[in-house]
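Dear colleague,

I am handing over the structure below for your review. The findings follow directly after it.

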Amino acid sequence: MANNLQILILAAGKGTRMNSDLPKVLHKVIGIPMIDHVIGKASLLRPKSITIMVNKNLIFLKKKYLKLKFLIQEPQLGTAHAVQIFQKQNKDKNSKLLVLYADNPLVNIDDLKKIKKELNKNDVVILGFEEMNNSSYGIIVEKKGSVDEIVEFKDATKEQRKGQTCNSGIVALSSRSLNLVSKIKNNNIKKEYYLTDIVKLSKKYNYKIKLVTAADSKTALGINDMSELGTAEQIMQNQLRKKALKQGVRMIDPDTVYLSKDTTFGKNVTIEPFVVIGPKVKIGTGSIVRSFSHIEGAIIKNNVVVGPYARIRPGTILENGSKVGNFVEVKNSKINKNSKINHLSYIGDTNMGESVNIGAGTITCNYDGVKKYKTTIKSKSFIGSNTSLIAPVVIGKSSIVGAGSVITKNVEDNSLALTRPEQKKIKLKKRKK
Ligand code: UD1
Ligand code: CA
């Protein structure tokens, strides 16, 4: 099937209502920027092209999304103005256009597919949704069962505001409707070019207009401020939790577990309450993450126990049967099979062999204030409690480091290293009271 659908994602707005220095569309939901959610769903429709409309402060995004086209809208005179800019450079006069908003990360792919299908028979397809609570979305006004116009909430009459269908903002246009966008004027209170005016205009030419209603109103949420960003996070977290539970992950209190879009689980995994899992985490079969643990960028293999109160940072691999216990931080380290770091330690930039036992309070001193250095701890060695391993340093196979040592030199295989000063015995004189 020939595909002449182009997609335009609007992201040029200033996002003032966010009150944040970070551009709105780069704020993350379930671990990835909201614009990435929209791009991801747009790609699933296999369009001929995807164009992102940005303001001059966001053009740097071009370097990240090399396969997409970018256009600059400066100044931002409204959603129709953005489409006019697109249309001016659009060489393909037969193409249809689907307009998405970068601040609408929840958009439902099934709704988009429906819109795409309806566009074969209609000139304007709009996505509406049933009123949530007292929103300020644009209102889709219907007369005699067909769409008459879309009015912005501010411009709507009391009558129009009551019980009407809301506008998600998403709209698809046939090539002839797309050519009408250039005729949209800005004669409204805000002096903005409203894309929603395409409805009235298309009606004038007797073009066919179709309203598609979102299967789930929540997916139409447009994010304009931090409160809506919080709502989107909540909705998407719930989706991730449901998916994980369905897959057989045991969560004692799912509402307190935070996941990322790319978190993966093996079979028989248990996640205890109050766990945060950031991006790029894989958790293998039979593993348990105990309460109050924080994990990012780590591969946790099978039958591993993490926490309670563990922090696992990027670049970490915990091999089968390993254990990372309470108040332990592991960064950029490989912990091989059956090794245990059970209490109060920092292990960074370390390659640890199999069946190693790390005593409480062991610290790999990997940083001298300028550079980072590596620590190697070979299989079956035993590091006594409260040891400092000053990297770069290698601890040999099956060796023992005595508690309280400060290790600055390599330790050979099968040997004991000890830097502990000898204990003195000094007899006390009888003291006067
Ligand atoms: C818009 C709709 C409203 C709908 C709501 C849904 C219009 C006129 N109004 O209002 O009917 O209910 O979305 O969320 O379309 N943008 C540009 N260039 C501009 C202006 C905006 O690229 O000149 C982008 C923004 O970055 C944003 C999107 O378009 O991603 C929507 O703009 P926004 O200002 O958030 O529109 P709303 O007031 O939410
Ligand atoms: Ca919006």
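Pro-392 belongs to the loop that runs between strand S34 (388–390) and strand S35 (393–395). The peptide bond that joins Ala-391 to Pro-392 is cis, with an omega of about 0°. Please bear in mind throughout that this is a predicted model.

A second cis peptide bond deserves your attention: Glu-74 and Pro-75 are joined by one, and its omega is about -5°. Here Pro-75 is placed in the loop between strand S5 (69–72) and helix H2 (79–89).

I turn next to the ligand. The space that ligand 1 takes is the largest pocket. There are 21 residues around ligand 1, and those that come nearest are Gln-73, Gly-78, Gly-138, Glu-152 and Asn-167. By character, the residues of this shell divide into 10 polar, 8 nonpolar and 3 charged. Two strands, S1 (5–11) and S10 (165–173), each supply at least two residues of the shell.

Several polar contacts to oxygen atoms of ligand 1 can be located in the model:

- Glu-152 places a polar side-chain atom 2.7 Å from an oxygen atom of ligand 1.
- Ala-12 has a polar backbone atom 3.0 Å from an oxygen atom of ligand 1.
- Asp-103 has a side-chain N or O atom 3.4 Å from an oxygen atom of ligand 1.

How much of ligand 1 does the protein bury? Taken alone, ligand 1 exposes 760 Å², and the protein buries 89% of that.

Helix H1 is also worth inspecting. Is helix H1 (residues 34–44) largely enclosed or largely open? Of its 11 residues, 8 are buried, so the helix is largely enclosed by the rest of the structure. The buried residues of H1 are Met-34, Ile-35, Asp-36, His-37, Val-38, Ile-39, Lys-41 and Ala-42. The list therefore includes Asp-36 and Lys-41, each of which has under 20% relative accessible area. Just after H1, Arg-46 takes a positive phi of about 50°.

Two further residues have a positive phi. Asn-19 is not a glycine, yet its phi is positive, at about 55°. Asn-19 is found in the loop between S1 and strand S2 (28–29). Is Asn-19 buried or exposed? Asn-19 counts as exposed because its relative accessibility is 76%, and the cut-off for exposed is over 50%.

Ser-355, likewise not a glycine, has a positive phi of about 50°. The loop that holds Ser-355 lies between strand S29 (350–352) and strand S30 (357–358). With a relative accessible area of 34%, Ser-355 is partly exposed.

Finally, I draw your attention to Pro-279, which lies in the loop between strand S16 (275–277) and strand S17 (282–283). Its relative accessible area is 33%, so Pro-279 is classed as partly exposed. How far apart are Pro-279 and Phe-129 in sequence and in space? The two residues are 150 residues apart in sequence, and their C-alpha atoms are 31 Å apart.

As you begin your own review, I would suggest viewing ligand 1 together with Glu-152, whose polar side-chain atom lies 2.7 Å from an oxygen atom of the ligand. The cis bond between Ala-391 and Pro-392 may then be viewed beside the one between Glu-74 and Pro-75.

With kind regards

Definitions and conventions
Residues are numbered from 1 along each chain as its sequence is written. Chains are lettered from A and ligands numbered from 1 in the order in which they are written. This is a predicted model: local features need pLDDT of at least 70, side-chain atom pairs count only at pLDDT 80 or more; totals for chains, interfaces and linings use all residues. Side-chain values use heavy atoms; hydrogens and water are left out. A residue is near a molecule or strand if one of its heavy atoms lies within 4 Å of it. A polar contact is a pair of N or O atoms within 3.5 Å; within protein, one must be able to donate a hydrogen and the other to accept it, and residues adjacent in sequence count only if both atoms are side-chain atoms. Accessible areas come from the Shrake-Rupley method with a 1.4 Å probe; for residues, only the protein chains shown count as cover. On a 1 Å grid over the protein atoms alone, a cavity is a set of points where a 1.4 Å probe fits but cannot get out, and a pocket is an open set with protein on both sides within 12 Å along at least five of seven lines; lining residues have an atom within 4 Å of a point. A molecule sits in a cavity or pocket if more than half of its atoms lie within 2 Å of its grid points. Helices (H or I, at least four residues) and strands (E, at least two) are DSSP runs, numbered from the N terminus. Ala, Val, Leu, Ile, Met, Phe, Trp, Tyr, Cys and Pro count as nonpolar, Asp, Glu, Lys and Arg as charged, and the others, Gly among them, as polar. Buried means under 20% relative accessible area, exposed over 50%, partly exposed in between (1.4 Å probe, protein chains only).
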